[in-house]
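Please read this note with the structure open beside it. The points go from the whole chain to single residues.

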Amino acid sequence: MASIRITTFKLYLLSVLGLALLIFAAPATVSAQQPGADGLGDRLYPRLGNGGYDVRHYSIDLAFKPESNSIAATAVLDAVALLNLATFNLDLYELTVDSVRVNDRRATFRREDTELVISPVQPIPAGAAFQVAVTYAGVPQPIVDPAVPFVKLGWQEWSDGFFAAVSQPSGSMNWFPCNNHPLDKATYTFRIAVPTPMTAVANGVLSEVIANADGTRAFVWEMEQPMASYLAIVAIGDFVAVRDDSGNVPIRNYFPAGASDASIAGYDVTADIMIWLSDLLGPYPFAAYGVVAVPGFPAALETQSMSIFGAEDPDVLVIVHELLHQWFGNSVTLSQWSDIWLHEGFAVYFMALWQENQIGAAAYDEMMRQFAWDESLPPPGGPKVEQLFGPSVYFRGALVLHALRSEVGDETFFEILRIFYSANTFGNVATADFIAVAEGLAERELDALFDAWL
């Protein structure tokens, strides 16, 4: 399309969910036993996440009963202590905990709001690997987050018979115990048992489907690259899988049974977008990609390697937006939620780049004019929590990149993007990291530009 009405952009960009993060600073060596902190000090979400340990892997074994929307699960966390831990916390909302074991020994625990405070039988020394197994059950209660007042977060039924867990930024703790901040990335194994003939979709690659004696099927998904907890997804319903191996990365999409041919075909462009992004930025960071189309879901979200969309016919620019996030947002992830422009500004800007690639410079210029629709928008560099997914982060965040491109020229600009990505793959970043790469490759200070736009 040659242009897009600004009302369409505003509706989408004010309703789509976004992303963000903070930095794990290794603490000074200590000898005394001490508790892990009950938060990571994020400016907007100071109590999200926990200190004192680093999760390396989650294994979530979960049985689901759709008639009651209830789950019964055991989550096993493999972690490394960063302190001499007398106690440590996990984030968990509402669900009933039956038992906690640390290194296969029963541990005591207590609940403090959204904190699960665990006391192992013996303190865990700094540097030691340890394992936590939490057995829990209940009906997940959606979370009201001030950053996303238009939708509740976490595991819920979106339409009759279709369930999904979408969590950005805080909702993951409503369905599994976790270190609920993007700073603590980990790999994941999901083993989700659902009644036949329902299908369970999650992040990563489907490695096995097991027929259980009770008539359920367990879908085993492996996410082998590091992932922030808010990007974890499970979607359950009557889905049909459609695979596309025409491009450089396997694509497997899941559609509700009976989805129209037009809705399914609308995603055929994904392989071409994947090749274009890989040429611009570097190889796609995960083993496969796909989307799961969930009836009743009101937006689109870049859950890692398996984006979630509503069941309507897709907009190609939204496909670009969520796919770009696999590079900027999922692989290269924020250290503080207040740096979210590094996710959403980038994703919106690449929508304009796709228009430029497909239609020409005039389409790109028109989108830049649309992005500047409101000169009163505040800078995107330090939003309040209620502005986290507001228009400034999206539109003015994209204009930061447009201004940088105009300042340094195309060759240097695209090299900045490639180096920023390659230097931080699977890591966490701050705005200062991006500025450092930009100034290094431009070979001059860019304070005036970034101060003005951020």
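1. Over which residues does pLDDT stay under 50? That stretch is residues 1-31, and the model has 122 contacts beyond four places in sequence for it. This is a predicted model, and pLDDT is the predictor's confidence in each residue, from 0 to 100. Where pLDDT is low, the predicted coordinates should not be read in detail. The contacts counted for residues 1-31 are best read with that caution.

2. The chain as a whole has an average pLDDT of 93. A score of at least 70 is reached by 93% of the residues.

3. Next, the overall make-up. The chain contains ten helices and 23 strands. Its radius of gyration is 22 Å, close to the 22 Å that the globule rule gives for 454 residues, so the chain is as compact as a globular protein of that length. Along the principal axes, the C-alpha atoms fill a box of roughly 65 × 55 × 35 Å.

4. How much of the chain is buried? Buried residues account for 59% of the 454 residues. The area that the chain exposes is about 16600 Å², and 53% of it comes from carbon and sulfur atoms.

5. Contacts can also be sorted by how far apart the partners are in sequence. Taking contacts in the chain between residues at least 6 apart, 70% join residues at least 24 apart.

6. On charge, the chain carries 23 positive and 51 negative side chains. The centres of these two sets lie 6 Å apart.

7. Two peptide bonds before proline deserve a look. The bond from Gln168 to Pro169 is cis, with omega near 0°. Pro169 sits in the loop between E11 and strand E12 (186-195). The bond from Thr196 to Pro197 is also cis, with omega near 15°. Pro197 belongs to the loop between E12 and strand E13 (199-202), so strand E12 is a neighbour of both loops by definition of where they lie.8. Which residues other than glycine have a positive phi in the loop between strand E5 and strand E6? Asn103 has phi near 50°, and Asp104 has phi near 65°. Asn103 lies in the loop between strand E5 (96-102) and strand E6 (105-106), and Asp104 lies in that loop too. With a relative accessibility of 42%, Asn103 counts as partly exposed. Asp104, at 60%, counts as exposed.

9. Is Thr114 buried or exposed? Thr114 is buried, because its relative accessible area is 15% and the cut-off for buried is under 20%. Thr114 is placed in the loop between strand E7 (108-112) and strand E8 (115-119). Beyond its neighbours within four places in sequence, Thr114 is in contact with Leu90, Asp91, Leu92, Tyr93 and Met173.

10. Thr199 is a residue of strand E13. Its relative accessibility is 10%, so Thr199 counts as buried. Leaving out neighbours within four places in sequence, its contacts include Val194, Arg217, Phe219 and Tyr254. Ile236 is also among the contacts of Thr199. The C-alpha atoms of Thr199 and Ile236 are separated by 5.6 Å, although the two residues are 37 apart along the chain.

11. Asp160 can be set beside Thr199. Asp160 is found in the loop between strand E10 (154-159) and strand E11 (162-166). Its relative accessible area is 75%, so Asp160 is exposed; the cut-off for exposed is over 50%. From Asp160 to Leu399 the C-alpha distance is 40 Å, and the two are 239 residues apart in sequence.

12. The last residue to check is Glu411, which lies in helix H8 (residues 410-423). At 71% relative accessibility, Glu411 counts as exposed. Glu411 and Ser246 are 165 residues apart in sequence, and their C-alpha atoms are 30 Å apart in space.

Definitions and conventions: Residues are numbered from 1 along each chain as its sequence is written. This is a predicted model: local features need pLDDT of at least 70, side-chain atom pairs count only at pLDDT 80 or more; totals for chains, interfaces and linings use all residues. Side-chain values use heavy atoms; hydrogens and water are left out. Helices (H or I, at least four residues) and strands (E, at least two) are DSSP runs, numbered from the N terminus. The radius of gyration is taken over C-alpha atoms; the globule rule is 2.2 Å times the number of residues to the power 0.38. Buried means under 20% relative accessible area, exposed over 50%, partly exposed in between (1.4 Å probe, protein chains only). Contact means heavy atoms within 4.5 Å. Accessible areas come from the Shrake-Rupley method with a 1.4 Å probe; for residues, only the protein chains shown count as cover. Lys and Arg count as positive and Asp and Glu as negative; His and the chain ends are not counted. The place of a charge is taken as NZ of Lys, CZ of Arg, CG of Asp or CD of Glu.
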